[in-house]
Amino acid sequence: MGEAPAEDPTQTHRTHRAPVGRRGVRQTALCLGALLLALPVTTGCDTAPRISAAPTPVSTPTPTSMGQLRLPVDTFTLRPKQQATSEYLVYRAQQDCMRRFGFRYLPHLTEGYIAEATATQREYASRRYGVSDRAMAAEYGYHLSDASTGSRAPQAVNSLSEAERTVLSGRTKSGGEPGSVRGEPVPEGGCAGEAARTVQGDTSVSARKGDALVARLRRELFVRSRTDPRVTAVNKKWAACMRERGFTYRDPAAAVDDPRWDLQNTAPTRGERAVARADVACKLRTNVLGVNFAVESELQNSAVAEHTDELNSLREQRDAESRRLPGLLRRYARTPQD
């Protein structure tokens with residue numbers, strides 16, 4: 001299984017849609033890794049990352065978990081807890097704005113969102129090269145854990161009235177700007193726009209280019225790394241290790257895609273958990289994590305060198321955002337919640 005959506009467990013917080021049931025959203029992402037492996041290097045109208053220089057070799061680590069690794073482009077983004085905090089604060093700012101119009105919005109939102117979102121992002125990151133956590137594999141197989149899928153569905157956007165949607169989005173049903181609702185002027189971009197500016201600062205198209213670039217580099221260079229001889233070689237070693245344990249799969253993605261696993265509906269079976277345990281053991285034995293990380297890091301380092309100005313600008317934006325988070329937490333902690 002590859003990386004999570006973009007959404008992307010590491011890039012989810014730029015869109016800030018109102019929360020929906022986590023279980024449905026998270027489970028639909030389980031097969032994303034297999035989809036990534038089938039994607040062409042470029043998608044839609046994206047331009048392929050510029051990589052003119054030969055990749056500088058990266059030494060191959062021997063990690064026992066993905067938590068020990070951080071890819072080069074990730075240094076330009078918020079860390080999981082910061083990102084989860086930013087997401088929560090955007091929702092709180094939306095909630096506060098909606099209250100000005102007399103609307104009760106996201107009534108179940110609490111600071112518990114931060115811990116749950118952080119756990120979700122870390123679990124997704126742990127699966128960038130397939131399931132890699134022994135304990136998770138033993139309990140959940142290839143399914144996501146209960147902690148990351150969540151158990152309570154907050155308010156969904158489609159449950160809102162037309163007036164509430166207008167205030168939240170800053171657009172009427174016909175696509176026009178509402179001006180005011182209930183005698184209160186609607187901010188530019190609605191409460192969603194106001195909240196994003198409050199937490200993230202500059203949310204203009206130019207400011208968001210860095211986020212889009214990071215998401216694209218993560219996606220496209222991950223796909224490109226799949227064809228590197230070192231990756232194909234370590235996958236063969238992994239497959240041989242799995243055969244010794246009685247399981248036949250060509251590579252880790254094939255194990256996730258086994259049609260016997262119903263990842264979106266049923267609970268993990270005993271057989272699924274057994275395969276997942278063997279999968280992780282073989283990844284650690286053959287150093288699948290370390291090899292994949294080294295190959296992808298080399299590609300990312302070259303891309304970072306080609307996009308220095310854009311990425312440094314993004315880092316400045318994210319650093320400024322991270323500095324705002326403590327004060328915003330204090331501010332919204334003092335605001336009565338529904």
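**Figure 1. A close-up of cysteine 241 and its disulfide partner.** Cysteine 241 is buried, at a relative accessible area of 2%. This legend, like those that follow, describes a predicted model. The partner of cysteine 241 is cysteine 282, and the two sulfur atoms of this disulfide sit 2.1 Å apart. Cysteine 282 counts as buried too, because its relative accessibility is 0% and buried means under 20%. About the S-S bond the angle is -80 degrees, which makes the link of cysteine 241 and cysteine 282 left-handed. Follow the chain outward from the bond and you arrive at two helices: cysteine 241 belongs to helix H10 and cysteine 282 to helix H12, with their positions 41 residues apart in sequence.

**Figure 2. The disulfide of cysteine 97 and cysteine 191.** Here the S to S distance is 2.0 Å. Cysteine 97 lies in helix H3 and cysteine 191 in helix H8, so this disulfide ties together parts of the chain that are 94 residues apart in sequence. Buried or exposed, where do cysteine 97 and cysteine 191 fall? Both cysteine 97 and cysteine 191 are buried. The link of cysteine 97 and cysteine 191 is left-handed, with -70 degrees about the S-S bond. In total the model has two disulfides. When the bonded cysteines are numbered in sequence order, they pair as 1-2, 3-4.

**Figure 3. A salt bridge between arginine 285 and glutamate 244.** In this view the closest N and O atoms of the pair are 2.9 Å apart. Arginine 285 sits in helix H12 and glutamate 244 in helix H10, and the pair links distant parts of the chain, 41 residues apart. Readers coming from Figure 1 will recognise the setting: helices H10 and H12 also hold cysteine 241 and cysteine 282, respectively. The surroundings do differ in accessibility, though: arginine 285 and glutamate 244 are both exposed, whereas cysteine 241 is buried, and cysteine 282 is buried as well.

**Figure 4. The salt bridge of glutamate 194 and arginine 100.** The closest N and O atoms of glutamate 194 and arginine 100 are 3.0 Å apart. Glutamate 194 comes from helix H8 (residues 190-200) and arginine 100 from helix H3, so to speak a meeting of distant parts of the chain, 94 residues apart. Helices H3 and H8 are also where the cysteines of Figure 2 are found, cysteine 97 in H3 and cysteine 191 in H8. Arginine 100 counts as partly exposed, since its relative accessibility is 40%. Look for Glu184 as well: salt bridges with shared partners join Arg100, Glu184 and Glu194 into one network. Across the whole structure, 17 salt bridges are found.

**Figure 5. Arginine 230 meets glutamate 298.** The side chains of arginine 230 and glutamate 298 form a salt bridge, with an N to O distance of 3.0 Å. Arginine 230 is in helix H10 (residues 229-244) and glutamate 298 is in helix H13, so the pair ties together parts that are 68 residues apart in sequence. Which accessibility class does each partner belong to? Arginine 230 is partly exposed, because its relative accessibility is 37%. Glutamate 298 is buried, because its relative accessible area is 8%.

**Figure 6. Two residues with a positive phi, leucine 106 and asparagine 287.** Most residues other than glycine have a negative phi. Leucine 106, which is not a glycine, nevertheless has a positive phi of about 50 degrees. You will find leucine 106 in the loop between helix H3 (80-100) and helix H4 (112-126), and this residue is buried, with a relative accessible area of 2%. Asparagine 287 also has a positive phi, near 65 degrees. Where does asparagine 287 lie? Asparagine 287 is placed in the loop between helix H12 (270-286) and helix H13 (288-306). Asparagine 287 counts as buried, because its relative accessibility is 13%.

**Figure 7. Threonine 166 and its contacts.** Threonine 166 is part of helix H7 (residues 162-169). With a relative accessibility of 8%, threonine 166 counts as buried. Leaving aside residues up to four places away in sequence, threonine 166 touches Arg171, Thr172, Pro178, Val181 and Val186.

Key
Residues are numbered from 1 along each chain as its sequence is written. This is a predicted model: local features need pLDDT of at least 70, side-chain atom pairs count only at pLDDT 80 or more; totals for chains, interfaces and linings use all residues. Side-chain values use heavy atoms; hydrogens and water are left out. Helices (H or I, at least four residues) and strands (E, at least two) are DSSP runs, numbered from the N terminus. Buried means under 20% relative accessible area, exposed over 50%, partly exposed in between (1.4 Å probe, protein chains only). Contact means heavy atoms within 4.5 Å. A salt bridge is a side-chain nitrogen of Lys or Arg within 4 Å of a carboxyl oxygen of Asp or Glu. A disulfide is a pair of cysteine sulfur atoms within 2.5 Å.
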